[in-house]
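Colleague: I would like to go through this structure with you, one topic at a time. Could you show it first, please?
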Amino acid sequence: MAATESTIPSDVAASGRGQYRARTRRKITILVGLSLLLCLTFCIDLAWGPARYGLDEVILALLQPNEVSAQLRTVVWDIRMPVAVMAIVVGAALSAAGAQMQTILANPLASPFTLGISAAASFGAALGIVTTVPLLPVAAGLVVPVNAFIMALIATLFIHFVSQARGVTVQTVVLLGIALVFTFNALLAFVQYLASEQALSQVVFWTMGSLSKATWPKIGVTLAVLLIALPLFARNAWALTAIRLGEDKAASFGVNVRYIRLETMLVISLLASIPVSFVGTIGFVGLVGPHMARMILGEDQRFFLPGSVLSGALLLSVTSIVSKSILPGVIFPIGIITALVGVPFFISLILSNVRRSW
């Protein structure tokens with residue numbers, strides 16, 4: 001009898017370890033699948049456009065550029081490559097920002113777009129375009145991104161400190177975000193009203209969100225910000241996963257919740273503002289991408305964070321393809337398409353939360 005009782009815990013433990021390994025292998029397989037799918041959409045994005053090429057031609061141009069015609073090499077490397085790479089980098093940055101915002105605020109509706117951070121960055125960038133006045137002393141070429149970051153940081157800190165107040169609920173934070181969106185959109189309209197005709201056309205086109213003006217320096221800056229942010233998030237992966245269990249439980253595990261939340265919000269403001277300053281307002285990627293990752297990978301930050309990055313990159317890469325496919329020879333602003341996709345998704349999330357509350 002004693003021998004039987006002593007073997008039960010070891011059998012249970014072995015079964016638990018086996019299930020854990022199986023789940024881990026499954027999640028790794030999903031991440032590999034998302035990566036391969038992203039590679040495929042990237043090649044399709046390079047092949048798609050007014051002049052269409054086969055995937056075999058594009059892959060040959062990527063691997064052996066000297067073996068293809070000068071026209072194909074120019075189209076793939078000089079015209080389409082910056083746009084395709086920018087779509088992936090911006091999608092990854094916005095989705096990572098949305099994932100961590102949902103985590104630390106315990107709010108499934110949180111994202112840089114829905115809580116007004118993107119709107120604040122848009123206002124700061126428009127202020128730089130129209131007035132060329134920096135909010136901090138910087139070089140002339142950095143006015144727009146620096147202004148976008150400063151305004152996004154102000155909005156982020158405001159949301160952070162209000163969310164810490166006693167009695168503030170998830171619904172309150174959402175309403176606060178909506179108020180910030182309207183406030184900064186009104187300020188943006190005021191700037192547009194005062195702008196010259198040339199500056200106004202730049203701001204209007206920029207607010208639609210477009211990848212058409214992507215350049216390698218802009219890609220480099222956005223990618224650098226992403227590569228700085230991801231290790232910071234990864235370092236706090238265990239703490240962020242614990243926060244999803246509740247602040248009190250995370251604190252009982254020794255997590256400094258207030259410090260982690262503040263640090264994460266600062267990084268989020270950087271991730272949200274820099275892409276906006278370069279490509280304009282692109283909404284709902286930071287909302288949809290993390291939810292896609294959460295549905296297939298769960299809340300464990302070791303898998304949720306890379307899954308969110310890949311999902312956001314994949315979403316914006318597919319959107320880039322769609323923007324060139326609606327009308328032949330016409331490339332639609334990518335922000336319009338993400339809004340058309342994101343609004344129904346946002347409404348479905350609201351309705352699902354309402355049903356849970358009932």
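**A nonpolar patch, a helix, a pocket and charged pairs**

Colleague: Let us begin with Leu40; in which helix is it found?

Modeller: Leu40 is found in helix α1. Please keep in mind that this is a predicted model.

Colleague: Is Leu40 buried or partly exposed?

Modeller: Leu40 counts as partly exposed, because its relative accessibility is 41% and the partly exposed class runs between 20% and 50%.

Colleague: Which residues make the nonpolar surface patch?

Modeller: Leu40 makes the patch together with Leu37, Leu55, Ile59 and Leu63, and the patch measures about 440 Å².

Colleague: Which helix supplies the largest share of that patch?

Modeller: The largest share comes from α2, with three residues. Both α1, residues 2-47, and α2, residues 55-63, supply at least two residues each.

Colleague: A change of topic: which residues of α7 are buried?

Modeller: In helix α7, which spans residues 197-207, the buried residues are Ala199, Val203 and Trp206. They lie on the same side of α7, because they cover an arc of only 65 degrees around the axis.

Colleague: And what does the face turned away from the buried side carry?

Modeller: That face of α7 carries Glu197 and Gln198, which are exposed.

Colleague: What phi does Gly209 take, just after α7?

Modeller: Gly209 takes a positive phi of about 80 degrees.

Colleague: Now to empty space. What volume does the largest pocket have?

Modeller: The largest pocket has a volume of about 480 Å³. Its lining involves α4 (117-131), α6 (170-194) and α14 (334-357), the elements that give two or more residues each.

Colleague: Which of the elements gives the most to the lining?

Modeller: That is α6, with six residues.

Colleague: How many residues line the pocket, and which lie nearest its centre?

Modeller: The lining has 23 residues, and those nearest the centre are Phe113, Val181, Asn185, Thr281 and Phe284.

Colleague: Let us turn to charges. How many salt bridges are there?

Modeller: The count comes to six salt bridges. In general, side chains of opposite charge can pair when their charged atoms come close.

Colleague: With which residue does Asp45 form a salt bridge?

Modeller: Asp45 pairs with Lys324, and their closest N and O atoms are 2.6 Å apart. Asp45 belongs to helix α1 and Lys324 to the loop between α13 (301-323) and α14, so the pair ties together parts that are 279 residues apart in sequence.

Colleague: Are Asp45 and Lys324 buried or exposed?

Modeller: Asp45 and Lys324 are both buried.

Colleague: What about Glu263; which residue is its salt-bridge partner?

Modeller: Glu263 forms a salt bridge with Arg235, with the closest N and O atoms 2.9 Å apart. This pair links distant parts of the chain, since Glu263 is in helix α11 (residues 257-279) and Arg235 is in helix α8 (residues 216-235), 28 residues apart.

Colleague: Is Glu263 buried or exposed, and what of Arg235?

Modeller: Glu263 is buried, with a relative accessible area of 13%, whereas Arg235 counts as exposed at 52% relative accessibility.

Colleague: Which residue forms a salt bridge with Arg302?

Modeller: Arg302 pairs with Asp300, the closest N and O atoms being 2.6 Å apart. Arg302 is partly exposed, with a relative accessible area of 46%.

Colleague: Finally, which residues are joined into one network by salt bridges that share partners?

Modeller: The network joins Arg244, Arg294 and Glu299.

Notes:
Residues are numbered from 1 along each chain as its sequence is written. This is a predicted model: local features need pLDDT of at least 70, side-chain atom pairs count only at pLDDT 80 or more; totals for chains, interfaces and linings use all residues. Side-chain values use heavy atoms; hydrogens and water are left out. Patches are made of residues with over 30% relative accessible area and no salt bridge: like charges are joined within 9 Å, nonpolar side chains (Val, Leu, Ile, Met, Phe, Trp, Tyr) within 5 Å. Accessible areas come from the Shrake-Rupley method with a 1.4 Å probe; for residues, only the protein chains shown count as cover. A salt bridge is a side-chain nitrogen of Lys or Arg within 4 Å of a carboxyl oxygen of Asp or Glu. Helices (H or I, at least four residues) and strands (E, at least two) are DSSP runs, numbered from the N terminus. Buried means under 20% relative accessible area, exposed over 50%, partly exposed in between (1.4 Å probe, protein chains only). The arc is that of the directions from the helix axis to the C-beta atoms. On a 1 Å grid over the protein atoms alone, a cavity is a set of points where a 1.4 Å probe fits but cannot get out, and a pocket is an open set with protein on both sides within 12 Å along at least five of seven lines; lining residues have an atom within 4 Å of a point. Grid points are joined across faces, edges and corners, and a volume is the space filled by probe spheres set on the points.
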